[in-house]
2 protein chains.
Amino acid sequence: MTRRDEAQAFSELRAALGPAGFLAGDDIPSRNHADSSVLPSQRPLAVLRPASTDEVSAALAIISRHGLAVTTQGGLTGLCGGATPVAGSLALSLERLVGVEEIDGRAMTLTARAGTPLEVMQRAAEAEGFLFPVDFGARGTATAGGIVATNAGGNRVLRYGMTRASVLGLEAVLTDGTVIISTSKMLKNNAGPDLKQLFVGSEGLFGVVTRVVFALQPLPRWTGLALIATRDFEAAADILASARADLGPMLSAFEVMWPDYWTMVTENVPGCRDPFADRHGLYLLIEGHGRDAARDGAAFEAFLEGIYEAGLVDDAMLAQSLTDMEAFWAIRDASAEIEPILGEHESFDVGLPPGEVGRFVEACRAALARELPTSQAVFFGHAADGNIHVMASVPEPGPAGHHAVESVVYGVTRNFSGSVSAEHGIGALKRGWLGHSRSPAEIALMRHLKTTLDPHGLLNPDKVI
Amino acid sequence: MTRRDEAQAFSELRAALGPAGFLAGDDIPSRNHADSSVLPSQRPLAVLRPASTDEVSAALAIISRHGLAVTTQGGLTGLCGGATPVAGSLALSLERLVGVEEIDGRAMTLTARAGTPLEVMQRAAEAEGFLFPVDFGARGTATAGGIVATNAGGNRVLRYGMTRASVLGLEAVLTDGTVIISTSKMLKNNAGPDLKQLFVGSEGLFGVVTRVVFALQPLPRWTGLALIATRDFEAAADILASARADLGPMLSAFEVMWPDYWTMVTENVPGCRDPFADRHGLYLLIEGHGRDAARDGAAFEAFLEGIYEAGLVDDAMLAQSLTDMEAFWAIRDASAEIEPILGEHESFDVGLPPGEVGRFVEACRAALARELPTSQAVFFGHAADGNIHVMASVPEPGPAGHHAVESVVYGVTRNFSGSVSAEHGIGALKRGWLGHSRSPAEIALMRHLKTTLDPHGLLNPDKVI
């Protein structure tokens, strides 16, 4: 593309989107240079900020006609570089396409434009007496379109599933500007292949999500929280089986922390003191959500008594107040606080068959000790989901050190038929490791779909595959 | 294709599949001529019965090379003609690819080959202390591959979702014989686009499902069931809102029957007597699944007291025994028994935004009375799912009569932005009505995907799109 073609494309985009919708040159905000990953920031050619689905459609049609590449941006909270612009691409930010359009109490749905922040949707739902089922730390900035495009996980996956499970309908724009409107409020719709699934979790490879219909849930009225010390992961697995059987769908979180993580947090992070007198083999945080404090509280206590009588509990604390609950969760949520202690490190988000979690952690720890003895690693995660986070310091600063740690952890992940990305996606940073979790036939099919839906590779080039 | 080419293809297929795997001529069983729909039966050119994924792959590679068409068959319980062979096609039956391969208690997964009957999977899960989440009437013959390919609904959608929600992984064979192995046991796997979604609910357009990993659930330990008479659908919607708020995930069924259905069943079907002394405006069957008889039974009774005190209940019966439960469910399940009373009729499976169900039924009844005054119609369904079944007698026997009834009911469905198929799929019988529920852009994208994945249109030709 010559400068003259680019100037023509820019002129058309400016005309289609207006001055607030097209920012070039010195007007490009630095926030559009990068997402929240460690990928180096990159100034886009220009920032497109369409304020309607029609403007998204018009912009993509122009982009497509001129063969320009575009990187889609939501709240820029991604950790894998999926929304950091590729050199020479435009940024397409949904930040002006905002607002909760409707809450339908009978259908229990919330319809929002793509750029609406997660927390705005959560509050809007709560004001009408409903729970928005997706939640995670970046709720203030992550957006409706972003959580759908990445199939975000978070704190409530055990209870409500990944974001995909709550998407009833969506609207998306294809690379040529075609608008696919599948904004159904229906729970059941088997009229042909379910096209919306194509856009959920595809990190913008196939189209740009512009509007989403989410399923809401009833607000829980009671919460129970217990911190359990037990001997090892086998015991934890037995406790999980009891929790599922006794609590059923009340079980809303089952988090696990290994002693390396527990000790580093409770010895270093202000406000995270160890509530137990002794050291233990493994620590669990178990949460129940219910509808009636007396009945569900009794069920929760009966479950705890059951695992105690079965000899599975070394020590236990049941939260007696909101303060207790915050203190318990603070230990689990302190991973960001220990980053300075680890120094330069790599954070992993590994998915595993749930039965393999304990053995994976042992194997991973052993492999790191053997191959990178100077690396310090801590292990914690969502045990019931088979989702383990590993934070491991790099043996030497710089790319080679990161690659060395990745090789070890992802190598063990592959041996356990695990996923190199349970919930964070692939983006740019994990592209090189996709083959550790997907077969050549799967990757070929992904590429085939990409070529079909975006033949010139203009949407999010150099991401995922 | 000449006879000689066909003979060559048959010879290769016979060699690849063995004598038990290739049935031609007089050996073709009549059962492979049709599924359970009203579509006229059609003898396939031959029946392929591969006994392994490798044999499915080999067969499809041969079929593809020779440009033969093939109709995939599971348990043949479909109601829309999706598995009745197209004239001139082979039938590919998964009936020999059977067996539960593994139940992983830690991961709570069941892995089965495509031809395994649903009931076999249910029993295998129960023997290990788990619930198989999908259930419907044809459980004895419907298969693992069939419920996945059609994204089957059924009795427990309100609680556990459609079949898609329980598919953790699958293996499928593409038209050229490529095997896509995505048989993960992971609950969370965001390593690239989720390819398995492409095969769930696509009625075999894109590939043949050969193996599935299903998520299991804890077995419920307590069931409560109530029959409620109320005045109208507005009151029913208020009762549903209370049920969701008070029972939360305990709520496992919320079925609605209009007086036309209720009267026809209780006055005509043996064993289905009306338990109420008076006639009422609407009848509900509400079920709860719990873990503790005392606690959850008390919660269920508290919910019933609440809706009674709110003035929403005209009369109510709480099941006191298994016999009561069977009697209550018998009324809801008697739709097959009233077929002789209606005479020649059409059965509909309409999906609606849940808030529109009451108005849809009124509008549909009025439209039928106005346009086809001799047609008799009854209404019932899964109210919480927005899934209504309509059975309407045809004004005159034969295709014109069926088309007349379909025009009225699907016309009203389109006006309510509903789905012409909530759970039964499109198959061959509803192809002409797909445009009532999907936009031209959606149908074009379905066709584009079909051309990409099956360029010569050999898999299930003349189905769905």
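**Figure 1. Contact between chain A and chain B in the predicted model.** Contact here means heavy atoms within 4.5 Å. On that criterion, 81 residues of chain A and 81 residues of chain B take part. The two chains bury about 6400 Å² between them, and carbon and sulfur atoms account for 60% of this area. On the chain A side, the residues that lose the most area to chain B are A:Arg106, A:Lys188 and A:Asn190, which together contribute 15% of what that side buries.

**Figure 2. Salt bridges and polar contacts across the interface of chain A and chain B.** Twelve salt bridges are found between the two chains. One of them joins the side chains of B:Arg106 and A:Glu234, with an N to O distance of 3.2 Å. Polar contacts link 41 residue pairs across the interface, both partners having pLDDT 80 or more.

**Figure 3. Elements of chain A that touch chain B.** Two or more residues each are supplied by helix H5 (157–160), strand E9 (179–182), helix H6 (196–199), helix H7 (233–247), helix H9 (293–309) and helix H14 (440–453) of chain A. Helix H14 of chain A gives the most, with eight residues. By class, this side of chain A comprises 39 nonpolar, 24 polar and 18 charged residues.

**Figure 4. The annotated region at residues 40–219 of chain A.** An unreviewed UniProt entry assigns these residues the annotation "domain: FAD-binding PCMH-type". Over residues 40–219 of chain A, helix makes up 21% and strand 24% of the chain. The C-alpha atoms at the two ends of this stretch lie 41 Å apart.

Definitions and conventions
Residues numbered from 1 in each chain as written. Chains lettered and ligands numbered in written order. Predicted model: local features only at pLDDT ≥ 70, side-chain atom pairs only at ≥ 80, totals over all residues. Heavy atoms only, no water. Buried area = accessible area lost by both parts, 1.4 Å probe. Salt bridge = Lys/Arg side-chain N within 4 Å of Asp/Glu carboxyl O. Polar contact = N/O pair within 3.5 Å; in protein donor to acceptor, adjacent residues only side chain to side chain. Helix = DSSP H or I, 4+ residues; strand = E, 2+ residues; numbered from the N terminus. Nonpolar A, V, L, I, M, F, W, Y, C, P; charged D, E, K, R; others polar. UniProt positions renumbered as here; feature names shortened; annotations may be inferred.
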